[in-house]
Amino acid sequence: MPQGRAALVLTGGGARAAYQVGVLAAIREIWGRRQDNPFPIICGTSAGAVNAAALACYADNFNEATRRLIWIWRNFTVHKVYRGDALAVMKSVVLWASSLLFGWLFRRSPRSLLDNDPLRELLKHYLDFDQIAHNIDTGKLYAVSVTCSGYSTGESLSFFESVPGVPAWRRAQRVGLRAKLTVEHLMASSAIPFVFPAIKIHREYFGDGSMRQLAPISPAVHLGADRVLVIGNGRTQGETRRVRSDRYPSPAQIAGHALSSIFLDSLSVDLERLTRINETWGRIAPEVREAAGVGLKPIEALVISPSERLDFIAAKHAYSLPWMLRTVLRGTGAYGRSGSVILSYLLFEKPYTRELMDLGYKDAMARRDEIVRFLRLEQPEPAGEPERELSESA
C-alpha cells in the first residue's frame with residue numbers, strides 16, 4: 001500500500017454518484033495494473049456509500065472493483081433502483097393525495113414517494129459483505145464507513161468496520177460506531193428524505209447520511225487517514241451568481257434546492273474548516289505544539305468535483321425517464337431549467353449516468369499530476385484502455 005493512510009471520501013447525491021465512478025476509472029488508469037487497493041480507508045455517504053461498499057468488498061483487486069462499478073453504472077435504469085412503472089407511480093400518487101385530503105381517516109401515513117426495493121435486490125446480488133472482514137484481516141483494507149442520519153436522535157452516525165484498535169467516537173451530533181456492515185446500512189444511508197423509505201437498524205430509523213452531516217471528512221480522519229481524496233457531486237466554486245427572478249419557484253425548484261442543501265453545502269464548509277486547521281497548525285512552532293499538547297495534525301486533501309453543472313446535463317436527458325414518472329415530475333416543474341436539479345438526483349438512466357462518468361473521467365485526468373502525487377506514485381504503471389471502455393456502448 002502507499003505510504004501513510006490515504007482515504008477515499010465519496011459523498012451523496014443519488015444518480016450524481018455516477019460522476020464518482022468516472023473519476024475512479026481515471027484513478028484506475030493512473031494506478032495501473034497493480035491489484036492492491038490505493039485507499040486503505042474508504043468512507044461513503046448516501047449513493048457514495050454504495051460505491052464505497054463495492055470498493056471495500058473487492059478491496060483485494062482495485063482494478064476489478066472499479067471495472068464492476070463501471071459496468072453497473074453504465075447500464076443503469078431506474079427500474080434497478082426504484083419502481084418507476086405506471087402502476088407503482090400511480091399507487092404512490094394516490095396514497096399521498098389520500099393522506100393529504102383524508103388524513104384524519106388514516107392512522108398510517110405513506111412512507112415514501114418511491115419504492116426502492118429493486119436497489120436492495122441489486123446490492124444483495126452484487127455485494128458479498130463478508131468479504132469486507134476478509135479484506136481487513138488480510139491487510140487489503142484498513143477501514144470502511146457508511147454514514148446514516150438518525151431520525152430519533154438527529155445524530156450523524158458512521159457505522160464502520162476496521163482493523164482492531166480503532167476506537168469509536170462521539171462528537172457534537174456525530175457518532176462513530178463499530179458494526180458489521182450489511183445491505184440495510186446502505187439502504188439507510190441512501191434513503192433520500194420523502195423519496196425513499198427510512199430503514200430501521202436496531203432501535204432507530206435512519207435516513208440519508210447526508211442529512212445533518214456537518215463534517216463529511218470527519219469519519220476518514222477518525223479512522224486514521226492522514227490524507228483524503230474527496231470526490232464531490234457538485235461544483236464547489238465559481239457558480240454563484242445572483243439573478244433577477246419574477247416567477248415564483250416551482251415545487252421541483254424548491255425540492256432541488258433542499259436536496260442540494262443536504263448533499264452539497266456541508267462539504268464546502270468542511271473543506272474550509274480543514275484548510276483553516278492546516279494553516280493554524282503550520283503557524284505553530286513544533287516545540288510550542290509539543291509543550292501545549294496540541295493534538296491536531298495536518299490533513300492533506302485533494303478534491304475532485306464536476307467542472308459542469310450536473311443539473312444542466314440532467315435536463316438534456318430528462319426524457320429517458322419512464323413516461324408516468326415524467327408526467328408526475330412535469331407537474332412539479334422539474335422539466336423547467338430551474339427545476340432540473342431534482343432530476344439530477346433521480347435520473348438513474350444510462351444516457352445520463354454515462355455522460356456523468358465521462359465527465360468524471362475527463363475532470364480526473366485533467367488533474368492527473370495531482371492524483372499521482374496524492375497516491376505517492378513515482379512512475380504510474382500503464383493500464384489497458386479504460387477511456388475506450390467508458391466511451392463504447394455496453
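In this predicted model, Lys 362 and Glu 308 form a salt bridge in which the closest N and O atoms are 3.3 Å apart. The pair links distant parts of the chain, with the two positions 54 residues apart in sequence: Lys 362 belongs to helix H15 (residues 350-365), while Glu 308 sits in the loop between strand E10 (300-304) and helix H12 (310-316). Both partners keep some contact with the outside. Lys 362 is partly exposed at 45% relative accessibility, and Glu 308 is likewise partly exposed, with a relative accessible area of 34%.

This bridge is one of 13 salt bridges in the structure. Another one brings together the side chains of Arg 120 and Glu 184, at 3.0 Å from N to O. Arg 120 lies in helix H5 (residues 117-126) and Glu 184 in helix H7 (residues 183-189), so this pair ties together parts of the chain that are 64 residues apart in sequence. Here the two ends fall into separate accessibility classes: Arg 120 counts as buried because its relative accessibility is 14%, below the 20% limit, whereas Glu 184, at 26%, counts as partly exposed.

Helix H7 also borders the setting of a further bridge, between Asp 130 and Lys 180, whose closest N and O atoms are 3.0 Å apart. Asp 130 is in helix H6 (residues 130-137), and Lys 180 is in the loop between strand E6 (174-178) and H7; with 50 residues separating them, they too link distant parts of the chain. Asp 130 is partly exposed, having a relative accessible area of 49%, and Lys 180 is partly exposed at 45% relative accessibility. Elsewhere, Glu 64, Arg 67 and Arg 68 are joined in a network of salt bridges.

What about cysteine pairs? The structure holds zero disulfides. Two of the cysteines can nevertheless be placed with respect to the surface: Cys 43 is buried, at 3% relative accessibility, and so is Cys 57, at 2%.

For the chain as a whole, the secondary structure comprises 17 helices and ten strands. Of its 394 residues, 53% count as buried. Long-range pairing is well represented in the contact statistics: among contacts between residues at least 6 apart in sequence, 79% join residues at least 24 apart. The accessible surface of the chain comes to about 18,700 Å², and carbon and sulfur atoms account for 54% of that area.

Note on methods
Residues numbered from 1 in each chain as written. Predicted model: local features only at pLDDT ≥ 70, side-chain atom pairs only at ≥ 80, totals over all residues. Heavy atoms only, no water. Helix = DSSP H or I, 4+ residues; strand = E, 2+ residues; numbered from the N terminus. Buried < 20%, exposed > 50% of the residue type's maximum accessible area, 1.4 Å probe, protein only. Contact = heavy atoms within 4.5 Å. Areas by Shrake-Rupley, 256 points an atom, 1.4 Å probe, with all protein chains shown as cover. Disulfide = S-S within 2.5 Å. Salt bridge = Lys/Arg side-chain N within 4 Å of Asp/Glu carboxyl O.
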